[in-house]
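Reader: I am new to this structure and should be grateful for a close look at a single part of it, the pair of aromatic rings. Please set the pair in the context of the whole protein.

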Amino acid sequence: MDDTLAQVQEKCALQLEMYQKCVENYPHSWDKSCVQQKKALTKCSEENVGILKYVKEHCTKQITDYDACLSANQSEPEKCVQALKELYYCTETTSAAYRQQQQPTQKDSEKKN
């Protein structure tokens with residue numbers, strides 16, 4: 001996960017900074033006030049960090065369930081712990097599968113060098 005975040009920071013620094021500033025400026029309404037910045041960060045991340053697109057494709061249900069829970073329980077996000085656990089499990093499993101798929105590609109490119 002740290003590697004993924006590092007890739008997002010490297011490849012989408014501007015979008016990440018703009019989203020962070022928006023959240024800081026609108027602490028009580030960031031979920032509504034920062035939609036444009038969030039979309040820009042998501043688009044950049046999906047286009048430039050392959051693992052995120054892969055996870056999003058494979059964990060759609062868990063992502064949707066967690067987002068819906070947070071929307072329904074804005075004042076009590078602790079009610080979403082189970083949905084968060086399910087999302088975490090999916091992303092960890094999917095990330096491991098993605099990395100495993102990438103290894104042959106990395107070994108092949110190392111052989112060429």
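**The aromatic pair in its setting**

Author: Of the 113 residues in this predicted model, 23% count as buried. The secondary structure consists of seven helices and zero strands, and the order along the sequence is accordingly α-α-α-α-α-α-α. Among the contacts with a separation of 6 or more, 60% are made by residues 24 or more positions apart.

Within this setting, the structure holds one aromatic pair. Its members are Y54 and Y98, whose ring centres lie 5.2 Å apart. A pair of aromatic rings is described by the distance of the centres and the angle of the planes. For Y54 and Y98 the planes stand at 50°, so the pair is tilted; planes would have to be under 30 degrees apart to count as stacked, or over 60 to count as edge-to-face.

The positions of the two residues deserve attention. Y54 belongs to helix α5 and Y98 to helix α7, so the pair ties together parts that are 44 residues apart in sequence. Both partners fall under the 20% limit for a buried residue: Y54 is buried because its relative accessible area is 15%, and Y98 is buried because its relative accessible area is 16%.

The helices that carry the pair also take part in the nonpolar interior. The largest nonpolar core has 15 residues, and V8, C12, L41 and I51 have the most contacts inside it. Two or more residues of this core come from each of α2, α4, α5 and α7. A second, separate core has five residues, including Y66, C80, A83 and L87. As for V8, once its neighbours within four places in sequence are left aside, this residue is in contact with A13, L41, S45, V49 and L52.

The same two helices, α5 (50-58) and α7 (81-112), each supply at least two residues to the lining of the largest pocket, as do α1 (2-11), α2 (13-25), α3 (30-33), α4 (35-48) and α6 (60-72). This pocket holds about 1600 Å³ of space. Its lining comprises 37 residues, and Y19, K38, T42, I63 and D67 lie nearest the centre. By class, 19 residues of the lining are nonpolar, 10 are polar and eight are charged.

In short, the aromatic pair joins helix α5 to helix α7, and these helices contribute both to the largest nonpolar core and to the lining of the largest pocket.

Methods. Residues numbered from 1 in each chain as written. Predicted model: local features only at pLDDT ≥ 70, side-chain atom pairs only at ≥ 80, totals over all residues. Heavy atoms only, no water. 1 Å grid on protein atoms, 1.4 Å probe; cavity = no way out; pocket = protein on both sides within 12 Å on 5 of 7 lines; lining within 4 Å. Points joined across faces, edges and corners; volume = space filled by probe spheres on them. Helix = DSSP H or I, 4+ residues; strand = E, 2+ residues; numbered from the N terminus. Nonpolar A, V, L, I, M, F, W, Y, C, P; charged D, E, K, R; others polar. Core = buried A, V, L, I, M, F, W, Y, C linked by side-chain atoms within 4.5 Å. Buried < 20%, exposed > 50% of the residue type's maximum accessible area, 1.4 Å probe, protein only. Contact = heavy atoms within 4.5 Å. Phe/Tyr/Trp six-rings, centres within 6.5 Å; stacked < 30°, edge-to-face > 60°.
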